[in-house]
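Hi,

Here is the structure I said I would pass on. Have it open while you read, and my notes follow right below it.

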Amino acid sequence: MCADYISSMENFKGHIFDFLNHDGISEAVLLSDDIKETSEVIADRDYAVGEQVLIRYGKFPNATLMLDFGFTHPYNIHDQVQIWMDLPKHDPLYSSKLGILAKHWFPSSPEANDLNSSGCSFLIREVKSPKAKGKGIPQALRAYTRILSITSHEELEALVIEAAENDGRLARLPLRNTESEIHAHSILLSQFTHLIQERDAAVKVLESMSSLDAISRVAIRKKMAIDLLNGEIRVLRSACAWLTNYCANLSACNGGENIRRINTAL
């Protein structure tokens, strides 16, 4: 069967292809043209006669699949976790940090959104390897956490000067002090660990719930909830592994310039 397309139907009203089964890692996609009243499945490989074609609904996390389509995938490579970070009001530098965030932060960044006073939400995606570059943990989140960890007005001013000397983005480079950089990332590590513990507890509660019928509405919803939570746990654990490795490398180096070289290598 041709790999360019599996089937197209002219003058067909209704999307019967929407009932094709989903596979989160499949590259086969469904295209529909309501004006021409045609539908087409673009295949990701050659299929044998009678072989089931699985399509990808899009690069959506389980949260989106569950809300929009009513199902989840046990292992969804597009899973992500939205977290909220906020500046504690008991921070002695609260007013100064709030002023710097209001002046220098860029809420239009694709990595961060919903800037509200001192808080901001971020999307975390799976980090493929603890020794890789940490893609999946937004640079904006790491920058925000560095600002949270600052303990003196001098350090805050140094961040502003450094941003002006570079691309204008605040705290995007590692802090020059090794202990401060480790402390900033330890804040993230602690936050992620707490979120993992919350989700682990929720999964255990759901798994302890008995269901008389495996295909009942309650059982299906329970499975979707477990898939969603397990996906978020996987994402958070990958981020924790990267942060642990990053801090270990910082502990083994001496001097601000070495820190920057390690960050570039990672």
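First, a word you will need: a residue is buried when its relative accessible area is under 20%, exposed when that is over 50%, and partly exposed in between (1.4 Å probe, protein chains only). With that rule, 42% of the chain's 266 residues are buried.

Before you go further, please note that this is a predicted model, where local features need pLDDT of at least 70, side-chain atom pairs count only at pLDDT 80 or more, and totals for chains, interfaces and linings use all residues. Residues are numbered from 1 along each chain as its sequence is written, and side-chain values use heavy atoms, with hydrogens and water left out.

Now the overall layout. The chain has seven helices and six strands; these are DSSP runs, numbered from the N terminus (helices are H or I with at least four residues, strands are E with at least two). In sequence order the pattern reads β-β-β-α-β-α-β-β-α-α-α-α-α. Contact here means heavy atoms within 4.5 Å. If you take the contacts between residues at least 6 apart in sequence, 69% of them join residues at least 24 apart.

On to the strands. Two strands count as paired if DSSP finds at least two bridges between them. β2 (residues 29-33) and β3 are antiparallel partners with five bridges, and Leu31 sits opposite Glu40 of β3. The two strands make a hairpin with four residues in between, and Glu37 in that turn has a positive phi of about 55 degrees. Which way do the side chains of β3 (residues 38-42) point? They alternate: Ser39 and Val41 face one side and are buried, whereas Thr38, Glu40 and Ile42 face the other and are not.

A second antiparallel pair is β4 (residues 80-85) with β6, joined over six bridges. In this pair Gln82 is opposite Leu123 of β6. Five of the seven residues in β6 (residues 119-125) are buried, so the strand is largely enclosed by the rest of the structure.

Next, the helices. α1 (residues 62-69) packs against α6 at an angle of about 155 degrees, and their axes are 9 Å apart. Axes are lines fitted to C-alpha atoms, for helices over the stretch in contact, and angles run from 0 to 180 degrees between N-to-C directions. Angles under 35 degrees count as roughly parallel, over 145 as roughly antiparallel, 65 to 115 as roughly perpendicular, and the rest as oblique. That is why α1 and α6 come out as roughly antiparallel. Asn62, Ala63 and Met66 of α1 meet Met224, Asp227 and Leu228 of α6 in this contact.

Thr244 also belongs to α6 (residues 217-251). It is partly exposed, at 44% relative accessibility. Its C-alpha atom is 8.3 Å from that of Ser186, 58 residues away along the chain.

Have a look at Ala171 too, in the loop between α4 (153-165) and α5 (178-208). Its phi is near 60 degrees, which is a positive value in a residue other than glycine. Is Ala171 buried or exposed? With 2% relative accessibility, Ala171 counts as buried.

Last, the cysteines. A disulfide is a covalent bond between the sulfur atoms of two cysteines. Here a pair counts if the sulfur atoms are within 2.5 Å, and that rule gives zero disulfides. Cys240 is buried, at 10% relative accessible area, and Cys247 is buried with a value of 10%.

Cheers
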